Amino acid sequence: MLAKIVPTFADRGCLVVRTTNPPAVMARLLGVDEKKFNWALNNYCVVEKGTAVRRRHTRKEAEEARDVLARGIYFRLVDWVVNVINHKLSFTRAVFGDKYSICLIDLFGFECFKKNHLEQLIVNTLNEQLQYHYAQRVFVWEMQEQEEEEIPIQTLQFYDNKPTVDELMSKPDGLFYLLDEASRSSRGSEIIIETLEGDSKNSRLRAIGRHEFTVAHYTGKVTYDTTEMADKNRDFLPPEMIETLRLSSDRVVQKLFTNQLSKTGNLTVTTEERGALAPSTKGRWGSALMAGNQAKPRRYNTESHGEYSQTRRMRTASATFRTTSLEILRGLAVGAGSGGTHFVRCMRADLVGQPWGFQPEVVRQQLRALAVLETARARQKGYPHRVPFPEFIRRYKFLAFDFDETVDVTKENSRLLLVRLKMEGWVIGKSKVFLKYYNEEFLSRSYEMQVKKIIKVQTMMRAFLAKRNLAFKLRKLRSQDSGTCDPSTEIQETV
């Protein structure tokens, strides 16, 4: 609906909105006054010498304000839905001790168009950081662990994109800090090109024109246009529009623009909302839920430890992106839940989208860029399975030791287990067993076969016990029947 609002010029250079239906419909859906809504779309206020002065948007500024409003409503509404779902899940957390919650990450793949702007730079920079994290996790951390465990180090070859990440994200000379400086300056995007031209340290970022620069990403060089970067970096709703939407008759719309935002730009939940949504204390479940909420109050979307007003402190798209990237990488480093972090490398078979389409060169390029071949070589050359001694002994000791043997959790017993199973290619570290991929397959098959044998023995034993129990009950019933006499026979004998 917002896309139908097209700013046009009328007489005397004044700005009006073509057709009155889209703004009227939007104002009615948002529950705000139509005149105030139109005024906030077409005007803004600046402070000059302590006095607030009204200014009219140009057509370009009005289109930009409309797009910012659409994006602001969208991301706030998504955050509100996530917060409501997480609050509903708080019942199971309080009563049953579950730790379930949802978190949505809206992430695009790597983008490269004829004209690339701030949106593509943000998407590609996040993919650059994820690729760096993947390389650290798969290659660097494995070699570090081999060194810490004092085993022969297997040198793994991979492309290190750390210089690119540093030149994009490092403080204070990184490109995204330079974007904030350009947004604060009256010269705008010119500062970006001048800084890149004068900085000889940047080897991955190069200025190639008056309004363009290139970044050497892990997928290849991408050219970006800086014409509108400084303006788009100021990606926040004007206070006039926020104040208008705060007066909405719809409670949800009020919350979307009244609640504070976290450092990552997410909408937070206030204490009053949690109290209003809390269940009644009548009954056992309500009391338990209230007790759980009082013991550990849940603060949704505030993991970045900071909340900001939507009007008093405006955060740029660059600042929000830097914090969001840090939160995503921190979550990946810790591991999502008890299952850890698993990587799935996705590729496109073609760039046209035809059924059964396959472009070999496109697939080959993605295989190189995503380090799929290097990962396969690392898994073949290295030790993809690393099991601590306690878990290794607990899980596999019945494969090589008798049930009456005392098996302590030691390095020697782990080695003895592997020797008795006649396995090859493994290495024993200080605290872990390093296994090749075929070692893990052999152990899994042996484990499965032994479990099947155990189940077979248990089944036969249960059948034997059931038959013996049934036979005992039948003998007991027969003995009772033989001991019971017919009453008529007893009367005749007495006569």
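## Arg206, its sheet and a pocket

Arg206 stands opposite Thr214 in strand E6. The model in which this pair is found is a predicted one. This report starts from Arg206, moves outward to the sheet, and then turns to a pocket and to the protein as a whole.

Arg206 itself lies in strand E5. Is this residue buried, exposed or partly exposed? Its relative accessibility is 45%, and because partly exposed residues lie between the cut-offs of 20% and 50%, Arg206 counts as partly exposed. When neighbours within four places in sequence are set aside, Arg206 is in contact with Phe213 and Thr214. A further distance helps to place the residue: the C-alpha atom of Arg206 is separated by 8.7 Å from that of Ala216, and these two residues are 10 apart along the chain.

The sheet to which strand E5 belongs is an open one, formed by 3 strands in the order E5-E6-E7 with antiparallel pairing. Its edge strands are E5 (205-207) and E7 (220-225), each of which pairs on one side only. From one strand to the next, the twist averages 25 degrees. The two pairings may be set side by side.

| Strand pair | Sense of pairing | Bridges | Residues in the hairpin connection |
|---|---|---|---|
| E5 and E6 | antiparallel | 3 bridges | 4 residues |
| E6 and E7 | antiparallel | 6 bridges | 2 residues |

Particular residues can be followed across the second pairing. Thr214, already met as the residue opposite Arg206, also stands opposite Thr223 in E7. Phe213, one of the contacts of Arg206, has Tyr224 in E7 as its bridge partner.

How many residues of strand E6 are buried? Strand E6 spans residues 212-217, and 5 of its 6 residues are buried, which leaves the strand mostly covered.

Two helices pack on this sheet. Helix H4 touches E6 and E7, and its direction makes about 150 degrees with that of E7. Helix H5 (residues 162-169) touches E5 and E6, and its direction makes about 140 degrees with that of E6. Strand E6 is thus touched by H4 and also by H5.

Helix H4 has a place in a second part of the account, the second largest pocket. This pocket has a volume of about 700 Å³. Which of its 24 lining residues are closest to its centre? They are His342, Arg379, Pro384, His385 and Arg386. The elements that give two or more residues to the lining are helix H4 (118-148), helix H15 (372-381), strand E10 (385-388) and helix H16 (389-396). Of these contributions, that of H4 is the most, with 6 residues. By residue type, the lining divides into 8 nonpolar, 6 polar and 10 charged residues. Helix H4 therefore appears in both settings, since H4 packs on the sheet and, by the DSSP numbering of elements, the H4 named there is the helix that lines the pocket.

Finally, the protein as a whole may be described. There are 19 helices and 12 strands in the protein. Of its 495 residues, 37% are buried. Among contacts between residues at least 6 apart in sequence, 59% join residues at least 24 apart.

Methods. Residues numbered from 1 in each chain as written. Predicted model: local features only at pLDDT ≥ 70, side-chain atom pairs only at ≥ 80, totals over all residues. Heavy atoms only, no water. 1 Å grid on protein atoms, 1.4 Å probe; cavity = no way out; pocket = protein on both sides within 12 Å on 5 of 7 lines; lining within 4 Å. Points joined across faces, edges and corners; volume = space filled by probe spheres on them. Nonpolar A, V, L, I, M, F, W, Y, C, P; charged D, E, K, R; others polar. Pairing = 2+ DSSP bridges. Axes fitted to C-alpha atoms, helices over the stretch in contact; angles between N-to-C directions. Contact = heavy atoms within 4.5 Å. Buried < 20%, exposed > 50% of the residue type's maximum accessible area, 1.4 Å probe, protein only.
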